[in-house]
Amino acid sequence: AGMYNMPPGPMHWDQSAPRDPVFYRWHKFIDNLFEEHRFTLDSHSVKELDFPGIELEQLNVKLEPEDYHKKRVDKPLDTKNHFYTYREKKEYEVFNTNNDQEAINVRNATLDHIPYSFNMKVKNKNRGDAWYASGSSWFPKLTNP
């Protein structure tokens, strides 16, 4: 049993949640709350985003594929400084929907990626220790826009 000693409803599972009538309304409500909060925040200043004396000298990315991943990519893998994403079709059995006795088969395609690690070489030209925080955004190279 779930919360309140009742079995969880369809919103409990990723596979059945989008079929619940409240799903999209609930997520829009949460998105709106976040946007209202975001508009109350001040913009970042250049001083907050600048790291004087800190330079990124090198960035290397290394794919860490397993045999499972290699089978899902339709070309030879270049494991140095490349990322790979692929669509994977999955099938699930979902219980506890409208009829507790009967399972529903759900099929969907998800976007996945091959695991990777990265190594950064950062140079500090300042005297003494410096605090540095890094964030990253990765964007795909479109081969067929």
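Trainee: What separates Glu-35 and Arg-38 in helix 1 by about one helical turn?

Mentor: In this predicted model, Glu-35 and Arg-38 are 3 residues apart in helix 1, which means a separation of about one helical turn.

Trainee: Why is the contact between Glu-35 and Arg-38 called a salt bridge?

Mentor: The closest N and O atoms of Glu-35 and Arg-38 are 2.8 Å apart. The criterion is a side-chain nitrogen of Lys or Arg within 4 Å of a carboxyl oxygen of Asp or Glu, so the term applies.

Trainee: Why do Glu-35 and Arg-38 count as partly exposed?

Mentor: Glu-35 has a relative accessible area of 29%, and Arg-38 has 39%. Buried means under 20% and exposed over 50%, so both values fall in between.

Trainee: How do you know that the salt bridge of Lys-125 with Glu-55 links distant parts of the chain?

Mentor: The closest N and O atoms of Lys-125 and Glu-55 are 2.6 Å apart. Lys-125 lies in the segment after strand 4 (116-124) and Glu-55 in strand 1 (residues 54-63), 70 residues apart. Lys-125 is exposed, because its relative accessible area of 52% is over 50%, whereas Glu-55 is partly exposed at 34%.

Trainee: What makes Glu-57 and Lys-123 a salt bridge?

Mentor: Their closest N and O atoms are 3.9 Å apart, which is within 4 Å and therefore meets the criterion. This pair also links distant parts of the chain, with Glu-57 in strand 1 and Lys-123 in strand 4, 66 residues apart. Salt bridges that share partners join Glu-57, Lys-121 and Lys-123 into one network. The structure holds 5 salt bridges.

Trainee: How do you know that Asp-20, although buried, has no salt bridge?

Mentor: The nearest side chain of opposite charge, Arg-25, is 10 Å away; a salt bridge requires atoms within 4 Å, so the criterion is not met. The side chain of Asp-20 does reach the backbone nitrogen of Val-22 at 2.9 Å. Asp-20 lies in the segment before helix 1 (23-39) and, leaving aside neighbours within four places in sequence, is in contact with Pro-10 and Met-11.

Trainee: What makes the phi of Asn-81 notable?

Mentor: Phi of Asn-81 is near 60°, a positive value in a residue other than glycine. Most residues other than glycine have a negative phi. Asn-81 is placed in the loop between helix 3 (67-70) and strand 2 (85-94), and is partly exposed at 40%.

Trainee: Which residues make up the largest nonpolar core?

Mentor: This core consists of Leu-63, Val-73, Tyr-84, Tyr-86 and Ile-114. Tyr-84 touches residues including Leu-63, Val-73 and Ile-114.

Definitions and conventions:
Residues are numbered from 1 along each chain as its sequence is written. This is a predicted model: local features need pLDDT of at least 70, side-chain atom pairs count only at pLDDT 80 or more; totals for chains, interfaces and linings use all residues. Side-chain values use heavy atoms; hydrogens and water are left out. A nonpolar core is a set of buried Ala, Val, Leu, Ile, Met, Phe, Trp, Tyr and Cys residues joined through side-chain atoms within 4.5 Å. Buried means under 20% relative accessible area, exposed over 50%, partly exposed in between (1.4 Å probe, protein chains only). Contact means heavy atoms within 4.5 Å. Helices (H or I, at least four residues) and strands (E, at least two) are DSSP runs, numbered from the N terminus. Lys and Arg count as positive and Asp and Glu as negative; His and the chain ends are not counted. A polar contact is a pair of N or O atoms within 3.5 Å; within protein, one must be able to donate a hydrogen and the other to accept it, and residues adjacent in sequence count only if both atoms are side-chain atoms.
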